[in-house]
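Here's a quick tour of a few spots worth clicking on. Load up the model and follow along.

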Amino acid sequence: MVKMDLNLIIGGPQGGGIETAGLLAVRALAMDGLEVFADREYHSNIKGKHSYSHIRASDKRVRSIKYPVDFVAALDVESIATHYKDLKPGGVLIHDSALLDKSLLKLPPMEKERVERLKAELDANGAGATVKELDEWLQRNGKVVLQYPFSKTIVEKVKLASPSIERAMNTALTTVLLRAAGMTLTKILEAVDSLFIEKAEARELNRAVAGAISDGFDELSGTKKLGTKILGQERPPRGKRMLVAGNDAVAIGKLIGGLRLQTYYPITPAADESFVIEQHAKLLDSEGRAVGSPIVIQAEDEISAICMAIGGALTGVRSATCTSGPGFSLMAEGIGWAGMNEVPVVVTCYQRGGPSTGLPTRHSQSDLLFTINSGHGEFSRIVLASGSHEEALDDAVKCMNLAERYQVPVIHLLDKGIANCVTTVDPPVFGAVERGKRVEKGTGEYLRFAIGDDPVSPRAYLGEELMWYTGDEHDERGHITEDPDTRRRMYEKRMAKREKILKEAPDGDKAVLYGDEGFEDLLVTWGVSTGAAIDALPELRSHGSRVAVLQVRMVEPFPADYISKFILEANNVIGLEANYVGQLAELIGCNTGFRIKSRILKYTGRLITQDEVVDAYMRIKGGEERVVLTGGE
């Protein structure tokens, strides 16, 4: 069997059906027995600006995207202008033949700076300023161009009229893309049926469009000498898998972890998680019995969302909220209150480009230091950073358990690259729900904050015992006090949980090493950037490098001893993360005293790609200390 690594881009205007086109392609590829990873890049305006899906499919597991790509399928001129240079030699550009006479430089949705860069680029290449001229230039330079009469075919064969034509163009484009890659119409229709399983009218319309477009495809493509027909092979069965975005994975994990109350205020890219939970009005156990229902509340703001979740947790309900950077800022005081009162509440924080509103729909890993320092004063908390969709699901369960085991606020830290990217994962395994240390009835006066050998006091839920909660310092009953000795003992009780957490946490929750032992170079990273580093390992080794990847998972309390073990073993340590400063590298420096000088950083709002890791690593080996990545649109 031919080993394959297929990369493709489907682009078009925001609101033009690009997300559906991407989901259709991803679903078809996954149903064809491939592993997939798909990045969704979307503009923050409602309609018109350029958006696209970058999809990677392979026989083996993939965790990142890669350039150059095999296919660019463009729904509009801006997508052609933006991605034509992303094609590899022999790569295929697909677009409607009706676009041929359009200008590449008269694109109102495109920013002025990008138009100026594009003009300079086209002038330098002598590529012309119309789609037709660019097509000819691409073909002279070893690319294949499929100019397909999408709109004309839809009108003539499906009998659609505007605006219905526009709603069908995404399926038409995706059909030609998949057929050009070698997929049969039968498999494409299976994916259409799956995607629109609950929408009969849309399903039939899209089946008709796919069929009509496919009819004329063979005749058109026969003259193009397509060398990329690598789909359609028989592949060994992979067993049952799920196709999930990171938001889906966290929602599933929370439900498995016993979530009963989810609060939120809408914000990108966090809100989808609550929408998924909201769709599951009834929870079933592993034997199909109804065990309860989650309550999902859209609060008036993030302050209310965190306070409602805290209130739920005090009553004994497993409670969580979710947000992104600006919303997390508003939750800071509530997190401090939860720290003072030892409340087991979970906050899922999805990072996006800041500061302020920043790049609201774009990727970033720049909230690490903020999450571990959020809230004033000092108190124990756990911050766990997931690096993949599997971890996002497992960690969502884990965070619920850790919150109640240690009675601390737990922050589940993810990035937009996980939240909105789609990939294939194995079905989840249902684990135990741990409710933590509970008070035994009839053992005397209840002291909510009892000080003993264990910093975690037995907990009663509101209504079970008499108790007091306040944001002020308090004694073991919860009564306000400013007595210095009580202050010291309560302070030390809360902070002692950090050592307990570090002592009891499994090594795999602290950090994971990928690659062979005996490494000389160590790439240290976290979050979704881990995937690009792992995918790059085989190519780095092919250059003769002895390199491994260390993914840091627990960032608070920081497992300094465990991380130091790997760092001190390496000759060269290189930081890899999506922010300006190198926040993880700084955190390692603060906690271990080891300064990571070599840093690979990206802060354009786009994902770090596999090819960028390879290129940047070679530049570091060539003597550069700080490599800033700029790839992607």
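Val 69 has Leu 87 in strand 5 as its bridge partner. That pair belongs to a parallel pairing of strand 4 (residues 69-74) with strand 5 (residues 87-96), which runs over four bridges. Keep in mind that this is a predicted model.

Zoom out and you'll find eight strands forming an open sheet, in the order 6-5-4-1-3-2-16-7, with mixed pairing. Strand 6 (144-148) and strand 7 (242-245) sit at the edges; each has a single partner strand, so one side of each has no neighbour in the sheet. From one strand to the next, the twist averages 20 degrees.

Now for two residues elsewhere: which is buried and which is exposed? The cut-offs are under 20% relative accessible area for buried and over 50% for exposed.

| Residue | Location | Relative accessible area | Class |
|---|---|---|---|
| Arg 494 | helix 17 (residues 484-504) | 4% | buried |
| Gly 377 | loop between helix 14 (368-373) and strand 14 (382-385) | 58% | exposed |

So Arg 494 counts as buried because its 4% falls under 20%, while Gly 377 is exposed because its 58% is over 50%.

What does the side chain of Arg 494 make a polar contact with? The partner is the side chain of Glu 473, at 2.8 Å. Setting aside neighbours within four places in sequence, Arg 494 is also in contact with other residues, including Gly 339, Met 340, Ser 380 and His 474.

Gly 339 turns up again with the loop glycine: Gly 377 and Gly 339 are 38 residues apart in sequence, and their C-alpha atoms are 9.6 Å apart in space.

Technical notes. Residues are numbered from 1 along each chain as its sequence is written. This is a predicted model: local features need pLDDT of at least 70, side-chain atom pairs count only at pLDDT 80 or more; totals for chains, interfaces and linings use all residues. Side-chain values use heavy atoms; hydrogens and water are left out. Helices (H or I, at least four residues) and strands (E, at least two) are DSSP runs, numbered from the N terminus. Buried means under 20% relative accessible area, exposed over 50%, partly exposed in between (1.4 Å probe, protein chains only). A polar contact is a pair of N or O atoms within 3.5 Å; within protein, one must be able to donate a hydrogen and the other to accept it, and residues adjacent in sequence count only if both atoms are side-chain atoms. Contact means heavy atoms within 4.5 Å. Two strands pair if DSSP finds at least two bridges between them. Axes are lines fitted to C-alpha atoms, for helices over the stretch in contact, and angles run from 0 to 180 degrees between N-to-C directions.
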